[in-house]
Amino acid sequence: MLHLKGLGAIGALVFHHTLVLVLLTRRCEGESQVIGPSQPIVAAVGDDVVLPCHLEPAVDASSMTVEWTRPDLSPRFVHVWRDGVELENKKHPSYVGRTSVSVNKLKLGDVSLKLSRVKLSDEGTYRCFVPTLNRESTVTLVVGAVSSLIISLMRTENDGVVLQCESKGWYPEPELLWLDGEGKLLSAGRTKTVRGPDDLYTVSSRVTVEKRHSNSFTCRVQQKIINQTREIQIHVPVFFAVWKWRQNKRKMKNMEDFNEDKTNLDQELEKEEHLKKVKVEVMTIWKNHKNQLENLRKQLESQLEEAVETVTKLESTKNSSGLQFTFIRSFYNGTKALPEEAYQELGKRNAGLEEWLKNFEKQLQTTDEGITRLIAATEQDKAQGNPEGQSSPREEAEEDNETTVLAPKEDYYSEPEIKAQV
């Protein structure tokens, strides 16, 4: 009897634990799980994106606490929903004003987070946590950036042309490919990749297109992680036509420039030739002027010698014999002059001839100096014309040639006929 009582106690204890275990199991089976996506979420810079997270089975979560966090941030909170409101003061500053949850969806067990105006810095792993259920899930966000392509004709090489393709503003780093009209890869130069201060990538590449290739070519830039592709297609004949037109236009422009340069050069040469002719004429004027002065000086010297000789003869005759002189031809309207007056007149004539000779010596010196200046000017820059406002060498020569010369009066060139009477 005692043994039976012991077995009954043990059975009761086992039954009690079994019942508790069944109840706990049923309770766990009734609680919701937090479910997230199995694949990363991809978003483009500037777009809005939803990070999926929901309760299964669905229950009303509008009164629950929902926490979205990023473990790599400090503070780690991205969005906190508690007691039916968002706690803005707990979230990271970079997410202020950019996160939200839908109250209507919360009632249906959808605790997904909407992230607006995605940035490159938003990329990372997010944790969706419901403290009431002590359940969580993670969401990986991959942020990408794409951009348009630009293709251009760089230059020609033999029978082909060099094409360049460039695209700015990609993330993550993309790859660039060249394809022919049949979709086959072309052998191109190494792709140049540059990462800017905004963490966006710029890629560019060149390829030589030959005539044996098809007329159509494609430049493709793709990023497999974010599953984004951009491409642009061109037709070589169009570029050949444009290139040929540009070449012809450049040749015409070069020809026009050549003709203009030739015209300017011809004008400069013509101006230089004219200047040479003017300088030759000026040299001739100066030399003729010098020759005239030389001849005039000789005449003056001869007249002076004759005057001196005449005065000497008169003085000798007057002192030795006291003869009286009579002028056959008078200097003053044919009237007879006294011998003393004739002597005085010859003295004046002698002094005048000496003064004129001095003046001609000065004029001759001026002529030599002018010739020297002209020669020096000729040896300077032959291509340079006369500055505006200055007289030409010929005009200067003519001005110098017009220098006043005190030429002797006509009757000084003829000797007075003097007859001595005893």
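Two strands count as paired if DSSP finds at least two bridges between them. Helices (H or I, at least four residues) and strands (E, at least two) are DSSP runs, numbered from the N terminus. Keep both rules handy for this tour.

**Before you click**

What you have open is a predicted model, where local features need pLDDT of at least 70 and side-chain atom pairs count only at pLDDT 80 or more, while totals for chains, interfaces and linings use all residues. Residues are numbered from 1 along each chain as its sequence is written, and side-chain values use heavy atoms, with hydrogens and water left out.

**Whole chain**

Start with everything shown as cartoon. You should be looking at 5 helices and 20 strands. Now colour by burial: of the 422 residues in the chain, 32% are buried (under 20% relative accessible area; exposed is over 50%, partly exposed in between; 1.4 Å probe, protein chains only). Switch on a surface and the chain exposes about 27100 Å², with carbon and sulfur atoms supplying 51% of that (Shrake-Rupley method with a 1.4 Å probe; for residues, only the protein chains shown count as cover). If you like contact maps, take the contacts with a separation of 6 or more: 63% of them are between residues 24 or more positions apart (a contact being heavy atoms within 4.5 Å).

**Stop one: strands 3, 9 and 8**

Select 49-51, which is strand 3, and 99-100, which is strand 8. Add residues 113-115 for strand 9. Together they make an open sheet of 3 strands in the order 3-9-8, paired antiparallel. Strands 3 and 8 are the edges, each pairing on one side only. Zoom in on strands 8 and 9: they run antiparallel and 2 bridges join them. Show Ser100 and you'll find Lys114 of strand 9 opposite.

**Stop two: Cys53 and Cys128**

How many disulfides should you look for? The count is 2, taking a disulfide as a pair of cysteine sulfur atoms within 2.5 Å. In chain order, the bonded cysteines pair 1-2, 3-4.

Show sticks for Cys53 and Cys128, which are joined with S to S at 2.2 Å. The link is left-handed, at -85 degrees about the S-S bond. Cys53 sits in the loop between strand 3 and strand 4 (54-56) and Cys128 in strand 10 (residues 124-130), so the disulfide ties together parts that are 75 residues apart in sequence. Both ends are tucked away: Cys53 counts as buried at 1% relative accessibility, and Cys128 is buried at 0%.

**Stop three: Cys165 and Cys219**

Next, select Cys165 and Cys219, a disulfide with S to S at 1.9 Å. This link of Cys165 and Cys219 is left-handed too, with -85 degrees about the S-S bond. The pair connects distant parts of the chain, 54 residues apart: Cys165 is in strand 13 (residues 160-170) and Cys219 in strand 17 (residues 216-223). Are these two buried or exposed? Cys165 and Cys219 are buried.

**Stop four: out along strand 17**

Stay on Cys219 and bring up Ile232, its bridge partner in strand 18. Strands 17 and 18 pair in the antiparallel sense over 8 bridges. Widen the selection with strand 14 and you have another open sheet of 3 strands, in the order 14-17-18 with antiparallel pairing. Its edge strands are strand 14 (175-180) and strand 18 (228-235), each pairing on one side only. The twist averages 20 degrees from one strand to the next, with axes being lines fitted to C-alpha atoms (for helices over the stretch in contact) and angles running from 0 to 180 degrees between N-to-C directions.
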